[in-house]
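Please look over the sequence and the model before reading on. The paragraphs below go from one residue to the whole chain and then to single places along the helices.

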Amino acid sequence: MLTSIYAGLLALVFLVLSIRVIQGRSTAGVSLGDGGDGRLNRRIRAHANFAEYVPLCLGLIALLEVGGAPAWLLHTLGAGLVVGRIGHGYALAFAEHFPPGRMVGTLLTFLVLLIGGVGCLLLPFLPV
């Protein structure tokens, strides 16, 4: 299963984002929420945004894989998702001001959603 490679890589990215939230809460002396700390809020949003998009994207890639999509497509989608989520996560959770990371991360994630979604819609109609 090629999807497992990307699921594993993304799990590690999620772990790093989780640790950044924990570190931020410890530094800000906050146990729940962001306590009005803008930096902590950015870390929380990076973590939450990752949790909102990655499961659906991985699910689409896995469905394409099970449906027999070519390996090049799976690798392209998986790599795009990993690069996009790292860029977006870095821009929000590590950098004070890095708009290109956020923009490219969002664009790559949306491309994975678009291609994966259309691919899943078309898959049942393709010859076996």
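Is Phe 94 buried, partly exposed or exposed? The model is a predicted one, and in it Phe 94 has a relative accessibility of 39%. Buried would require a value under 20%, and exposed a value over 50%, so Phe 94 counts as partly exposed.

Phe 94 is also a place to begin with the aromatic rings. Searching the whole structure gives four aromatic pairs. One of them joins Tyr 90 and Phe 94, whose ring centres are 6.1 Å apart and whose planes differ by 10°, a stacked arrangement. Tyr 90 has a relative accessible area of 42%, so this residue is partly exposed as well. With Phe 98 added, Tyr 90 and Phe 94 make up one aromatic cluster. A charge takes part here too: the charged end of Arg 20 sits over the ring of Phe 94, at 4.2 Å from the ring centre.

Now take the protein as a whole. Its secondary structure consists of four helices and zero strands, and the order from the N terminus is α-α-α-α. The C-alpha trace spans about 60 × 25 × 20 Å along the principal axes. Of the 128 residues in the protein, 38% are buried. The exposed surface comes to about 7300 Å², and 72% of this area is supplied by carbon and sulfur atoms. As for charge, the protein carries 8 positive and 5 negative side chains, and 4 Å separates the centres of the two sets.

How does the chain come back to itself? Consider contacts between residues at least 6 apart in sequence: 67% of them join residues at least 24 apart. Some single residues help to fill in this picture.

Helix 1 covers residues 3–28, and Ala 11 is in it. The C-alpha atom of Ala 11 is 11 Å from that of Leu 58, a residue 47 places away in sequence. Ala 11 is partly exposed, because its relative accessible area is 46%. Ile 19 belongs to helix 1 too. Between the C-alpha atoms of Ile 19 and His 47 there are 9.6 Å, while 28 residues separate the two in sequence. With a relative accessible area of 39%, Ile 19 is another partly exposed residue.

Helix 2 runs over residues 38–66 and contains Tyr 53. Which residues does Tyr 53 touch, not counting those up to four places away in sequence? They are Arg 85, Thr 109, Phe 110 and Leu 113. Even with these contacts Tyr 53 is not buried: its relative accessibility is 24%, and buried means under 20%, so Tyr 53 counts as partly exposed. Tyr 53 and Arg 102 lie 14 Å apart, C-alpha to C-alpha, with their positions 49 residues apart in sequence.

The last stop is helix 4, residues 99–122, where Cys 120 is found. Apart from neighbours within four places in sequence, Cys 120 is in contact with Leu 60, Leu 63 and Leu 64. Those three residues fall within the range of helix 2, residues 38–66. The C-alpha atoms of Cys 120 and Glu 65 are separated by 10.0 Å, although the two residues are 55 apart along the chain.

Methods: Residues are numbered from 1 along each chain as its sequence is written. This is a predicted model: local features need pLDDT of at least 70, side-chain atom pairs count only at pLDDT 80 or more; totals for chains, interfaces and linings use all residues. Side-chain values use heavy atoms; hydrogens and water are left out. Rings of Phe, Tyr and Trp (its six-membered ring) pair if their centres lie within 6.5 Å; planes under 30 degrees apart count as stacked, over 60 as edge-to-face and the rest as tilted. Buried means under 20% relative accessible area, exposed over 50%, partly exposed in between (1.4 Å probe, protein chains only). A charge sits over a ring if NZ of Lys or CZ of Arg is within 6 Å of the ring centre and within 35 degrees of the ring normal. Helices (H or I, at least four residues) and strands (E, at least two) are DSSP runs, numbered from the N terminus. Contact means heavy atoms within 4.5 Å. Accessible areas come from the Shrake-Rupley method with a 1.4 Å probe; for residues, only the protein chains shown count as cover. Lys and Arg count as positive and Asp and Glu as negative; His and the chain ends are not counted. The place of a charge is taken as NZ of Lys, CZ of Arg, CG of Asp or CD of Glu.
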